[in-house]
Amino acid sequence: MDRPGFSFCICPDSRLLKDHISGLVNATETGGTCFERQVFWGDEALPPVFWEHLTLQGLFGSPRALVVRNAHNLPADVWKRLSTALARPNPLSWPFFCLEVPFERGQPKIPAHIAKLRCLDFAERKGWVWRSPGLDERGIRRFLQQRATDAGARFAPGALDAIAAAMPADATAAATELDKLLLAAGPDATLGPELAKLVSHEPDLDIFAFIKALQGGNAQAVWRQVQRDKLGGDSMVFPFIGMLLRETRQLWQLLSGEPVRLPPSVLPVKQQLAQQLGYSGLTRMLDLTLEAERGIKTGERSPEQSLDALVAGLFTVFARPVPRHTRRM
């Protein structure tokens, strides 16, 4: 087997992870070999089909790239099972385990139960581990330079420094902003330093930060965030509603005592919030969210009107004291 038996990709930036994995797989797809790419998530239980593709070898099966996103969230017992299975790599499967963890002092913060695994140690010795802290100061320059070169463009003197300084530290957002600058560069495809002023990225909405602002009664912060993220259009209202529904369901599970996989630093905070809201508060959140969605889809309200009503209703949920509830049987 002239490729890694399995690969660890350690990087907090999802775009860089995807680009790296695509580069590795594309470089291996020679001589008619074509990998079927399948994505799984460490936030959920790995389905039976994953384990089948990981371990079972067929006579005429096609090779598969098994990408496990957020693999750092898999529990310790699952990692032990994975480590055992990886001791005998399947020639038809190429597993990629994405540890999307932050870096601190140049080193990734890998959970202890993963750092001690034999499969990770073996991958280190074989050179099957790729690390990237994301787009730091040097990384953003390399990222922009490579993409500009691929597009047949060049940077005028001083332009790379100016544009890199204005770019967000997120590969997806930076790529979108660079595409915009390439369109503005003109027929000679030269990026000048004056184009840096066209960079206008704003970060995505942090749904839990939004809820925390509601919880704290900080109306100014909530409305500033709503305006900043331009949630008034259809393109953003529905993703926001989806995130809010997911967050509410997760809080409901925590209140009900159901297992929810969350980082250790986040779990107790969300458990406390679930207890504070109780079933009545969470039910009201679900009602408000679904009502906002129905209002838009039926045409009774514009997206802006539905959002205003939703946020105003959420303020009432978080403003009133909600009694603690015991677990339902």
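How many cavities of 30 Å³ or more does a search of the whole structure find? The search finds 1. The structure is a predicted model. Its largest nonpolar core has 35 residues. That core draws at least three residues from each of domain 1 (7-131) and domain 2 (139-198). The salt-bridge count comes to 11.

**Nonpolar core**

- The largest nonpolar core holds 35 residues.
- Phe 96, Phe 143, Leu 144, Phe 155, Ile 163, Met 167 and Leu 191 have the most contacts inside this core.
- Two or more core residues come from each of α1 (14-28), β3 (64-69), β4 (93-99), α6 (137-150), α7 (159-166) and α8 (171-184).
- Helix α8 gives the most, with 5 residues.
- Both domain 1 (7-131) and domain 2 (139-198) contribute at least three residues to the core.
- Which residues does Ile 163 touch, not counting residues up to four places away in sequence? They are Leu 144, Phe 155, Leu 181, Leu 191, Gly 192 and Ala 196.
- Among these partners, Leu 144, Phe 155 and Leu 191 are also listed with the residues that have the most contacts inside the core.

**Second largest pocket**

- The second largest pocket encloses about 350 Å³ of space.
- Its lining has 18 residues.
- Leu 16, Leu 135, Gly 139, Arg 142 and Phe 143 lie nearest the pocket centre.
- Helices α1, α6 and α8 each give two or more residues to the lining.
- The largest share, 6 residues, comes from α6.
- Phe 143 takes part in both settings: it lies among the residues nearest the pocket centre, and it is one of those with the most contacts inside the largest core.
- The pocket and the core also have elements in common: α1, α6 and α8 supply the pocket lining, and these helices are among the elements that feed the core.

**Largest cavity**

- The largest cavity has a volume of about 30 Å³.
- Its lining consists of Leu 54, Ala 85, Leu 86, Pro 89, Asn 90, Ser 93 and Pro 95.
- At least two lining residues come from α3 (76-86), and at least two from β4.
- Strand β4 also gives two or more residues to the largest nonpolar core.

**Salt bridges**

- Side chains of opposite charge can pair when their charged atoms come close.
- By the rule used here, there are 11 salt bridges.
- Lys 109 and Glu 104 form one of them, with an N to O distance of 3.6 Å.
- Lys 109 is partly exposed at 47% relative accessible area, and Glu 104 is partly exposed at 48%.
- Arg 125 pairs with Asp 121, and their closest N and O atoms are 3.2 Å apart.
- Where do Arg 125 and Asp 121 lie? Both sit in helix α5 (residues 118-126), 4 residues apart, about one turn of the helix.
- Arg 125 is exposed, at 61% relative accessibility, whereas Asp 121 is partly exposed, at 41%.
- Arg 294 and Glu 300 join through their side chains at 3.2 Å, N to O.
- Is Glu 300 buried or exposed? Glu 300 counts as exposed because its relative accessible area is 53%, and the exposed class begins over 50%.
- Its partner Arg 294 is partly exposed, at 42% relative accessibility.

Definitions and conventions: Residues are numbered from 1 along each chain as its sequence is written. This is a predicted model: local features need pLDDT of at least 70, side-chain atom pairs count only at pLDDT 80 or more; totals for chains, interfaces and linings use all residues. Side-chain values use heavy atoms; hydrogens and water are left out. A nonpolar core is a set of buried Ala, Val, Leu, Ile, Met, Phe, Trp, Tyr and Cys residues joined through side-chain atoms within 4.5 Å. Buried means under 20% relative accessible area, exposed over 50%, partly exposed in between (1.4 Å probe, protein chains only). Domain bounds come from an automatic or database domain assignment. Contact means heavy atoms within 4.5 Å. A salt bridge is a side-chain nitrogen of Lys or Arg within 4 Å of a carboxyl oxygen of Asp or Glu. On a 1 Å grid over the protein atoms alone, a cavity is a set of points where a 1.4 Å probe fits but cannot get out, and a pocket is an open set with protein on both sides within 12 Å along at least five of seven lines; lining residues have an atom within 4 Å of a point. Grid points are joined across faces, edges and corners, and a volume is the space filled by probe spheres set on the points.
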